[in-house]
Amino acid sequence: MPSAAEILATLTSISNDWTTLAIAWHVLMAAAIGAVALGWRPSRRLGAIALTIPLLSVGALAWGSGNPFNAIVFLLFAILLIVLGLRLPPDRVAPAPVWARVAGVFLIAFGWIYPHFLEGGSWLRYLYAAPTGLIPCPTLSVVIGLTLLASGFSSRAFSLCLGFLGMFYGAFGAFRLGVTLDIVLLAGSIILMAFAMTMRSPSRQ
């Protein structure tokens with residue numbers, strides 16, 4: 001595995017070299033969130049599978065930047081989550097408890113403006129060009145936040161797998177790379193895993 005300095009340099013490079021893609025991800029997220037705010041509710045299957053797309057984006061950029069570890073981890077977890085998503089029924093997502101919605105919105109906002117790695121410009125630039133969809137932590141924060149809003153898609157397996165991935169990268173970022181704000185992702189991942197453990201039914205039900 002590369003050193004912490006090398007990993008940080010790679011994440012900085014991706015965040016600043018792919019700002020156009022980051023802006024596109026912000027536009028897509030805004031459209032999806034706007035649709036949900038207007039009452040659209042995706043099926044559990046569609047919603048779960050759709051959330052793997054930003055993970056695949058992170059994996060592809062990691063591979064292109066010479067970080068095979070992140071590329072392989074994100075590819076494998078995306079495949080696993082797709083398989084779990086395909087096993088879900090096509091019924092609509094269940095409403096999440098209020099506390100889960102609050103945590104979800106906070107995690108989405110955190111990932112949306114993730115104030116690290118992006119260089120130059122004003123703080124307003126984080127509103128539309130933060131590296132969500134480009135690097136692990138902000139992407140996982142948004143994906144976990146949306147999963148909480150969707151009540152974990154009523155899938156213990158999906159939520160635990162995603163929560164484990166977020167917990168690993170949150171802890172790694174905060175304690176190995178020294179990006180202290182990644183503690184937010186770590187806490188959000190623990191919340192999702194705790195929520196998953198309270199689910200009374202298996203992922204197919």
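Mentor: A helix here is a DSSP run of H or I with at least four residues, a strand is an E run of at least two, and both are numbered from the N terminus. We are looking at a predicted model, in which local features need pLDDT of at least 70, side-chain atom pairs count only at pLDDT 80 or more, and totals for chains, interfaces and linings use all residues. Residues are numbered from 1 along each chain as its sequence is written, and side-chain values use heavy atoms, without hydrogens and water.

Trainee: Good to know! What span is expected of helix 1, and how far does helix 1 reach?

Mentor: The expected span is 1.5 Å times one less than the number of residues. Helix 1, residues 4-17, has 14 residues and an expected span of 20 Å; from first C-alpha to last it reaches 20 Å, so the two are close.

Trainee: Why is Ser43 called buried?

Mentor: Buried means under 20% relative accessible area, exposed means over 50%, and partly exposed lies in between (1.4 Å probe, protein chains only). Ser43 has a relative accessible area of 9%, so Ser43 is buried. You will find Ser43 in the loop between helix 2 and helix 3. Leaving aside neighbours within four places in sequence, Ser43 is in contact (heavy atoms within 4.5 Å) with Pro90, Asp91, Arg92 and Val93.

Trainee: Back to helix 1: which of its residues are buried, and what puts them on the same side?

Mentor: Ala4, Ile7, Leu11, Ile14 and Ser15 are the buried ones in helix 1. They cover an arc of only 100° around the axis, so they sit on the same side of helix 1; the arc is taken from the directions of the C-beta atoms as seen from the helix axis. The face turned away from that buried side carries the exposed residues Ala5 and Asp17. What covers the buried residues includes helix 2 (19-37), helix 4 (53-64), helix 8 (136-149) and helix 9 (156-176).

Trainee: What makes an empty space a cavity or a pocket?

Mentor: On a 1 Å grid over the protein atoms alone, a cavity is a set of points where a 1.4 Å probe fits but cannot get out, a pocket is an open set with protein on both sides within 12 Å along at least five of seven lines, and lining residues have an atom within 4 Å of a point. A volume is the space filled by probe spheres set on the points, which are joined across faces, edges and corners. The largest pocket has about 850 Å³, and the structure also holds 2 cavities of 30 Å³ or more.

Trainee: Which residues and which helix matter for the lining of the largest pocket?

Mentor: Of its 32 lining residues, Ala32, Val36, Trp40, Leu51 and Leu146 lie nearest the centre. Helix 2 gives the most, with 8 residues.

Trainee: And what is in the largest cavity's lining?

Mentor: This cavity holds about 160 Å³ of space. Its lining has 19 residues, with Ile7, Asn70, Tyr169, Phe172 and Leu177 nearest the centre. Helix 9 supplies the largest share, 4 residues.

Trainee: Which helix gives the most to the second largest cavity, and how does its lining divide by class?

Mentor: Helix 1 does, with 3 residues. The lining of this cavity of about 40 Å³ includes Thr10, Leu11 and Ile14. Its residues divide into 7 nonpolar, 4 polar and no charged, where Ala, Val, Leu, Ile, Met, Phe, Trp, Tyr, Cys and Pro count as nonpolar, Asp, Glu, Lys and Arg as charged, and the others, Gly among them, as polar.
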